[in-house]
Amino acid sequence: MAAEKPIPRRTVEALLRPEVVVASDGLKAGLRELGIDLEHLEPSYAVATMRLAMDLIRAEICPERDAAAGFRELGRRFVLGFKQTPVGWIFTAMAPLFGPDLTMQTLPRYLSSVRDNFPLSVIAEGDRRYRFISHDVAQYPEFIAGCVELVLETCGVPSYEVLCLRRDPGFELEVRWPK
């Protein structure tokens, strides 16, 4: 089995944008214990380190919610932060023009801009119905579901359903919206 590629610095930066979280002293200390110094970020971090960091950030922004709901919210906030980056500016301008169908089809490409090695494929299953498939056991499916939710809203979709299905290995997301 090939070694996991590290998570690039740009992903850490995106997770720590003010649109995502305002880091408390406790969060900063927890991240430092993981080897993430906010004043001096490394070029990349191990996948396991990033999972632990995401756990800390999720607990910081949604202490009252269960993990699944907290990771959905973290995914939504992550997209808000992503929209403030150069690639995100392009996405924000183009998604409404492309519409939700084309945007869903190209979403794996946008996600690869924040994590080079994120294995995600998409299958169109019908009119306004998509299935995202990942064999990545290190990712939180609820986080990706939250990302998809805010992407649909960016495209102007007012109501939708994003279901998380855990698989061995990885997960699937069923995404659909009405006319």
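**Figure 1. Helix H4 (residues 67-82) and helix H6 (residues 141-154) cross at roughly 45°, and their axes come within 6 Å.** This is a predicted model, where local features need pLDDT of at least 70 and side-chain atom pairs count only at pLDDT 80 or more, while totals for chains, interfaces and linings use all residues. Residues are numbered from 1 along each chain as its sequence is written, and side-chain values use heavy atoms, with hydrogens and water left out. Helices (H or I, at least four residues) and strands (E, at least two) are DSSP runs numbered from the N terminus. Axes are lines fitted to C-alpha atoms, for helices over the stretch in contact, and angles run from 0 to 180 degrees between N-to-C directions. The crossing makes H4 and H6 oblique to each other (under 35 degrees is roughly parallel, over 145 roughly antiparallel, 65 to 115 roughly perpendicular, and the rest oblique). H4 goes past H6 in a right-handed crossing (the near helix is turned clockwise from the far one by less than a right angle; anticlockwise would be left-handed).

**Figure 2. Here are the residues that bring H4 and H6 together.** On the H4 side, look for Ala-68, Phe-71, Arg-72, Leu-74, Gly-75, Arg-76, Phe-78, Val-79 and Leu-80. H6 answers with Glu-142, Phe-143, Ala-145, Gly-146, Cys-147, Glu-149, Leu-150, Val-151 and Glu-153. Contact means heavy atoms within 4.5 Å. Sorted by class, the contact of H4 with H6 has eleven nonpolar, two polar and five charged residues (Ala, Val, Leu, Ile, Met, Phe, Trp, Tyr, Cys and Pro count as nonpolar, Asp, Glu, Lys and Arg as charged, and the others, Gly among them, as polar).

**Figure 3. H6 also packs with H5, at an angle of about 125° and with the axes 8 Å apart.** That angle makes H5 oblique to H6. This time the crossing of H5 past H6 is left-handed. H5 brings Phe-91, Thr-92, Ala-95, Pro-96, Pro-100, Thr-103, Met-104 and Leu-107 to the contact, and H6 brings Val-148, Val-151, Leu-152 and Thr-154. The class count for H5 with H6 is nine nonpolar, three polar and no charged residues. Spot Val-151 of H6 here: it is listed in the contact with H5 and in the one with H4.

**Figure 4. Helix H2 (residues 25-33) packs with helix H3 (residues 47-61) at about 170°.** Their axes are 10 Å apart. The angle makes H2 roughly antiparallel to H3. In this view, Leu-27, Gly-30 and Leu-31 of H2 meet Ala-53, Leu-56, Ile-57 and Glu-60 of H3. Five of the residues in the contact of H2 with H3 are nonpolar, one is polar and one is charged.

**Figure 5. Four strands line up in the order S3-S4-S6-S5 to make an open sheet with antiparallel pairing.** Two strands pair if DSSP finds at least two bridges between them. S3 (121-126) and S5 sit at the edges with a single partner strand each, so one side of each has no neighbour in the sheet. On average, and ignoring direction, neighbouring strands are turned by 20° against each other. S3 and S4 (residues 129-134) pair in the antiparallel sense over five bridges, and Ile-123 has Arg-131 in S4 as its bridge partner. Two helices pack on this sheet. H5 (residues 86-112) touches S3, S4 and S6, and its direction makes about 5° with that of S4. H6 touches S4, S5 and S6, with its direction at about 165° to that of S5.

**Figure 6. S5 (residues 161-166) and S6 (residues 171-176) form a hairpin.** The two strands pair in the antiparallel sense over six bridges, and Val-162 stands opposite Val-175 in S6. Four residues lie between the strands. One residue in the turn, Gly-170, has a positive phi of about 85°. Pro-169 is in the loop between S5 and S6 too, joined to Asp-168 by a cis peptide bond with omega of about 0°. Most residues other than glycine have a negative phi, and most peptide bonds are trans.

**Figure 7. Arg-128 lies in the loop between S3 and S4.** Have a look at its backbone: Arg-128 is not a glycine, yet it has a positive phi of about 60°.

**Figure 8. Zooming back out, the protein chain has six helices and six strands.** Along the sequence they follow the pattern β-α-α-β-α-α-α-β-β-α-β-β. The C-alpha atoms fill a box of roughly 45 × 35 × 30 Å, taken along the principal axes.
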